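Open the structure in a viewer and keep the sequence at hand. The tour below moves from one selection to the next.

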Amino acid sequence: MRVTISDIAAKAGVSKSLVSMHLNRRPGARLAPATMERIDRAVKELNYRPSAMARALREGCSRTVGLVIGNITGFYTGFYIQSLLTELNARGYQLLPAIVPHYDRSEELRCLQNLIDRRVDGVIYALRLNPTPEMAELLRGYPILQCRPAHAGYSSSSPDYSGLMTALCRRENGKRFLACDTYRSETATAACNAEGTRITYLDSTAANLERFFEAAQSGDYDTVLFNDTLKIKRLLARNPGAALPRIVSAYGLPVDFINHPAIAGAFVYPFREVVRLRVERMIGLIERPGGEPLHMTEPVRFLGADELLGYFEEQAADSYFGDSWRYGNAVL
């Protein structure tokens, strides 16, 4: 049974108000040293732990950030959560993840409700936020930071791929591109059309991945832009020896490195800097509430295959990434 301040008061032989004043260090409260000593002894003997939720209600903040995420079984998500924890702890905050099983929309509302019931100060949203009316009401006025900007009504922080895609299309004048739907950009599409470059976007989620692979190996495209190196590894293993287009991957961690002749390069985002930016921006939304939603970009650049190898070797020598490089360096 949970120990309460009533139990502490009974054990110490004082009133509940005196226990509350002492434990909350209430300004102006003057307690006799002997009284404080009895309360402290009762707290220790009963192993009392104050309620974080009650404190959050009283103080108006919990110094806790929620995270809505759909999967923690992959290496990337595990490392991402660990890095968020480290950055938040350094700033006096805690992280409370809420996992949406199998990306189930009905579970998403429950996860959000659980976070808000636990009085988190704000939520980092790693899924695509497409709120139902019930969710929108739940989130009204709440600090939300989307990592995959899908709704203009909530702040976001994400890599700016549109500029890179535009530059890549212009450089590859007249070529044919196939891109994962997550790269969809009206700006890049318009630039491609102006340069005579054709770009096609296809859904590459699990339900449509085989269709995406078929298109990638159809011979209709010169370059394929992937957003996930696991998908590239599956493509390379799908039909060994088959002709392949040039492949552009997305690279954030050493685990994303693939050493294969088809890899033309990668969109690289500096993982450590991106995590730090997201944490700082989330805390900024919490500590400076109100105002219009902010849509912030994160640094990203394109590295060719040779440059990518050098970048990978730098990361492999960086203690921040631990042994994660051992999971990359896939020579297929």
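The stops that follow cover a strand, several salt bridges and some aromatic rings.

The model is predicted: local features need pLDDT of at least 70, side-chain atom pairs count only at pLDDT 80 or more, and totals for chains, interfaces and linings use all residues. Residues are numbered from 1 along each chain as its sequence is written, and side-chain values use heavy atoms, with hydrogens and water left out.

**Strand 5 and its partners**

Select residues 155–159, which make up strand 5. Helices (H or I, at least four residues) and strands (E, at least two) are DSSP runs, numbered from the N terminus. Five of the five residues of strand 5 are buried, so the strand is largely enclosed by the rest of the structure. Buried means under 20% relative accessible area, exposed means over 50%, and partly exposed lies in between (1.4 Å probe, protein chains only).

Next add residues 144–146, strand 4, which pairs with strand 5 in the parallel sense over two bridges. Two strands pair if DSSP finds at least two bridges between them. Here L145 stands opposite S155.

Now add strand 12, residues 295–298, which runs parallel to strand 5 and is joined to it by four bridges. In this pairing, P159 stands opposite E298.

**Salt bridges**

The structure holds 12 salt bridges. Each is a side-chain nitrogen of Lys or Arg within 4 Å of a carboxyl oxygen of Asp or Glu.

Select E280 and R91, whose closest N and O atoms are 3.2 Å apart in a salt bridge. E280 belongs to helix 12 (residues 271–287) and R91 to the loop between helix 5 (75–90) and strand 2 (94–99), so the pair ties together parts that are 189 residues apart in sequence. E280 is partly exposed at 36% relative accessible area, and R91 is partly exposed at 26%.

Keep E280 and add R276. These two also form a salt bridge, with the closest N and O atoms 3.2 Å apart. Both lie in helix 12, four residues apart, about one turn of the helix. R276 is partly exposed, with a relative accessible area of 29%. Add E87 to see a network of salt bridges that links E87, R91, R276 and E280.

For another salt bridge, select R140 and E137, which meet at 2.7 Å, N to O. R140 counts as exposed at 61% relative accessibility, while E137 is partly exposed at 47%.

**Aromatic rings**

A search of the whole structure finds 12 aromatic pairs. Rings of Phe, Tyr and Trp (its six-membered ring) pair if their centres lie within 6.5 Å; planes under 30 degrees apart count as stacked, over 60 as edge-to-face and the rest as tilted.

Select Y183 and F267, an edge-to-face pair with centres 5.6 Å apart and 80 degrees between the planes. Y183 sits in the loop between strand 6 (176–180) and helix 9 (186–194) and F267 in strand 11 (residues 263–268), so the pair ties together parts that are 84 residues apart in sequence. Y183 and F267 are both buried.

Then select Y76, F79, Y80, F271 and Y320, which form one aromatic cluster. Add R272, which lies over the face of Y320 at 4.3 Å from the ring centre. A charge sits over a ring if NZ of Lys or CZ of Arg is within 6 Å of the ring centre and within 35 degrees of the ring normal.
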